[in-house]
Every structure is written in C-alpha cells, then in structure tokens.
Amino acid sequence: MEPRPAAVRPLQRLRPWQIRERCFNVRRRGLDPVEIRAFLHQVADELTVAQAALVAVQEENVRIKNALRAWQSAQSANHRHR
C-alpha cells in the first residue's frame, strides 16, 4: 500500500519531541548530522513556544466569549425590566 499524498493525510499535530527525536538515514555524502540535529532542536523549541502561545490564545478566547455571554445576558435582563 502506497502512502497517501501529503494533501490527503489527516492533519496530526507535530510534537516538539517528535522533531527532536527524528532520525534520518545516513548517506555516504549526506548532510552534517550535527547541523541537522541542532536545526531540529531549534525548530522544536520554536514549536514549543508557538504551541504554548496557541493554548494561551485559546484560553483567552474562551474567557472573552464567556464575558461576552455574561454581558449579553445582563443587557437582556436590563431591557426586560424597563
């Protein structure tokens, strides 16, 4: 069975540890493995920061939505009592 093209594969969140632990086949005249490892660690660190920021934004979004709902409920109650 052939792997599906990237455009068809379901989206799976890449974890920083997956980047750090990724291994590549060694070729006779391949790339410098130390340089690759350093780059993968840099990418994993940046992904860690981005994922933490995303969680913070999602939590803030929930907080804002809840505050908006509470405000709308209060406004609706005020209009009913007039």
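The following paragraphs lead the reader through the structure, from its overall make-up to individual residues.

The model described here is predicted. The protein contains two helices and zero strands. Of its 82 residues, 6% count as buried. The area that the protein exposes comes to about 7,900 Å², and carbon and sulfur atoms supply 58% of that area.

Helix H2 is a suitable place to begin. Running over residues 33-80, helix H2 comprises 48 residues. From its first C-alpha to its last, helix H2 reaches 70 Å, which is close to the 70 Å expected at 1.5 Å a residue. At the start of this helix, Asp 32 places a side-chain oxygen within 3.1 Å of the backbone nitrogen of Val 34.

Burial along helix H2 can be considered next. Leu 40, Ala 44 and Gln 51 are buried in this helix. Helix H1, residues 16-20, is included in what covers the buried residues of H2.

Gln 51 of helix H2 deserves a separate account. Its relative accessible area is 17%, and because buried means under 20%, Gln 51 counts as buried. Leaving aside residues up to four places away in sequence, Gln 51 touches Arg 13, Leu 14 and Pro 16. With Leu 14 there is also a polar contact: the side chain of Gln 51 reaches the backbone oxygen of Leu 14 at 2.9 Å.

Ala 38 also has its place in helix H2. The relative accessible area of Ala 38 is 48%, so this residue falls between the limits of 20% and 50% and is partly exposed. Between Ala 38 and Arg 20 there are 8.9 Å from C-alpha to C-alpha, although the two are 18 residues apart in sequence.

In helix H1, the residue to consider is Trp 17. Its relative accessible area is 52%; since exposed means over 50%, Trp 17 is classed as exposed. The C-alpha atom of Trp 17 is separated by 9.8 Å from that of Leu 40, with the two residues 23 apart along the chain. Leu 40, for its part, is one of the buried residues in helix H2.

The aromatic rings complete the account. A search of the whole structure finds zero aromatic pairs. A ring does, however, take part in an arrangement with a charge: the charged end of Arg 22 sits over the ring of Phe 24, at 4.7 Å from the centre of that ring.

Technical notes:
Residues are numbered from 1 along each chain as its sequence is written. This is a predicted model: local features need pLDDT of at least 70, side-chain atom pairs count only at pLDDT 80 or more; totals for chains, interfaces and linings use all residues. Side-chain values use heavy atoms; hydrogens and water are left out. Helices (H or I, at least four residues) and strands (E, at least two) are DSSP runs, numbered from the N terminus. Buried means under 20% relative accessible area, exposed over 50%, partly exposed in between (1.4 Å probe, protein chains only). Accessible areas come from the Shrake-Rupley method with a 1.4 Å probe; for residues, only the protein chains shown count as cover. The expected span of a helix is 1.5 Å times one less than its number of residues. Contact means heavy atoms within 4.5 Å. A polar contact is a pair of N or O atoms within 3.5 Å; within protein, one must be able to donate a hydrogen and the other to accept it, and residues adjacent in sequence count only if both atoms are side-chain atoms. Rings of Phe, Tyr and Trp (its six-membered ring) pair if their centres lie within 6.5 Å; planes under 30 degrees apart count as stacked, over 60 as edge-to-face and the rest as tilted. A charge sits over a ring if NZ of Lys or CZ of Arg is within 6 Å of the ring centre and within 35 degrees of the ring normal.
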